Amino acid sequence: MDNEQTLSELLRECSDKVGGKNFFLTLAETIRTTREGIIVGEKKQINYSNGVMTWNKTLHADNWRLLVESAKVRTKDGNILLGAEDKRHKSILNMIRTLKPLTFTVTPTNSADGEGFSFSALEVIDDKTTRISPLFKAMFVMPLDVLKKNMG
């Protein structure tokens, strides 16, 4: 998401690529009801009624929990990398190194619904700044009512 594109625009664009708002929300609801064991399992996919979401890296429970926990933290600039003096700095830094290449891909079952989309979990800006991607927050963390409002 570039600075010019709002979260609402990004969500509408992605929903158009999977068959519309309702299909997108179905995926988000499926993610919310999926047990952590499936997400950190070897299968690396979640099936929903209109398609599938896959990811390219096996997730370990401790890194997964830290990623989701980091996505819930609100800082002024969105940076999840804490200062070196913080006791969690090392574990967050290790999580960032491990999950930096993590990419999720959403593919509709019916190609007529759209071409799907991909998104990264993290946006590494520089050595001192890493943010959780807006789509990761929307898909995994944001309450569904807030997600619906953001979609317009």
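Reader: Before we get to angles, how are the helix axes defined here, and what range do the angles run over?
Author: Axes are lines fitted to C-alpha atoms, for helices over the stretch in contact, and the angles run from 0 to 180 degrees between N-to-C directions. Please keep in mind that this is a predicted model.

Reader: Fine, then at what angle do α2 and α6 cross?
Author: Helix α2, residues 21-33, and helix α6, residues 134-141, have axes that come within 8 Å and cross at roughly 65°. That makes α2 roughly perpendicular to α6, because angles of 65 to 115 degrees are put in that class.

Reader: And which residues of α2 and α6 meet there?
Author: From α2 the participants are F24, L27, A28, I31 and R32, and they meet L135, A138, M139, F140 and V141 of α6. Sorted by class, this contact of α2 with α6 has 9 nonpolar residues, 1 charged residue and no polar ones.

Reader: Let me stay with A28 for a moment; is it buried or exposed?
Author: A28, which lies in helix α2, counts as buried, because its relative accessibility is 0%. Setting aside residues up to four places away in sequence, A28 touches M139, L144 and L147.

Reader: What separates the C-alpha atoms of A28 and A71?
Author: The C-alpha atoms of A28 and A71 are separated by 16 Å, and the two residues are 43 residues apart along the chain.

Reader: Back to α6, then: which residues touch the most other members of the largest nonpolar core?
Author: That core has 45 residues, and F136 and F140 are the ones that touch the most other members. Helix α6 supplies the largest share of the core, with 6 residues.

Reader: What does F140 touch, leaving out residues up to four places away in sequence?
Author: With those left out, F140 touches I31, R32, I39, M53, W64, F104 and F119. I31 and R32 are also among the α2 residues that meet α6.

Reader: Which strands does α6 lie across?
Author: Helix α6 lies across β2 (51-55), β3 and β4, and it runs at about 100° to β4.

Reader: Tell me about the sheet itself; in what order do the strands come?
Author: The sheet is open and is formed by 4 strands in the order β1-β2-β3-β4, with antiparallel pairing. At its edges stand β1 (45-48) and β4 (117-120), each of which has a single partner strand, so one side of each is left without a neighbour in the sheet. On average, and with direction ignored, neighbouring strands of this sheet are turned by 15° against each other.

Reader: How many bridges join β3 and β4?
Author: Strand β3, residues 103-108, pairs with β4 over 4 bridges, in the antiparallel sense. One residue pair can be named here, since V106 has F117 in β4 as its bridge partner.

Reader: Different topic: what is the phi of K44, and where is K44 found?
Author: Phi of K44 is near 55°, which is a positive value in a residue other than glycine. K44 is found in the loop between α3 (36-39) and β1, and with a relative accessible area of 25% K44 is partly exposed.

Reader: One last pair, α1 and α7: at what angle do they cross, and which residues meet?
Author: The axes of α1 (residues 7-16) and α7 (residues 144-151) come within 8 Å and cross at roughly 90°, which makes α1 roughly perpendicular to α7. L7, S8, L11, R12 and S15 in α1 meet L147, N150 and M151 in α7. By class, that contact of α1 with α7 has 4 nonpolar, 3 polar and 1 charged residues.

Technical notes
Residues numbered from 1 in each chain as written. Predicted model: local features only at pLDDT ≥ 70, side-chain atom pairs only at ≥ 80, totals over all residues. Heavy atoms only, no water. Helix = DSSP H or I, 4+ residues; strand = E, 2+ residues; numbered from the N terminus. Parallel < 35°, antiparallel > 145°, perpendicular 65-115°, else oblique. Contact = heavy atoms within 4.5 Å. Nonpolar A, V, L, I, M, F, W, Y, C, P; charged D, E, K, R; others polar. Core = buried A, V, L, I, M, F, W, Y, C linked by side-chain atoms within 4.5 Å. Buried < 20%, exposed > 50% of the residue type's maximum accessible area, 1.4 Å probe, protein only. Pairing = 2+ DSSP bridges.
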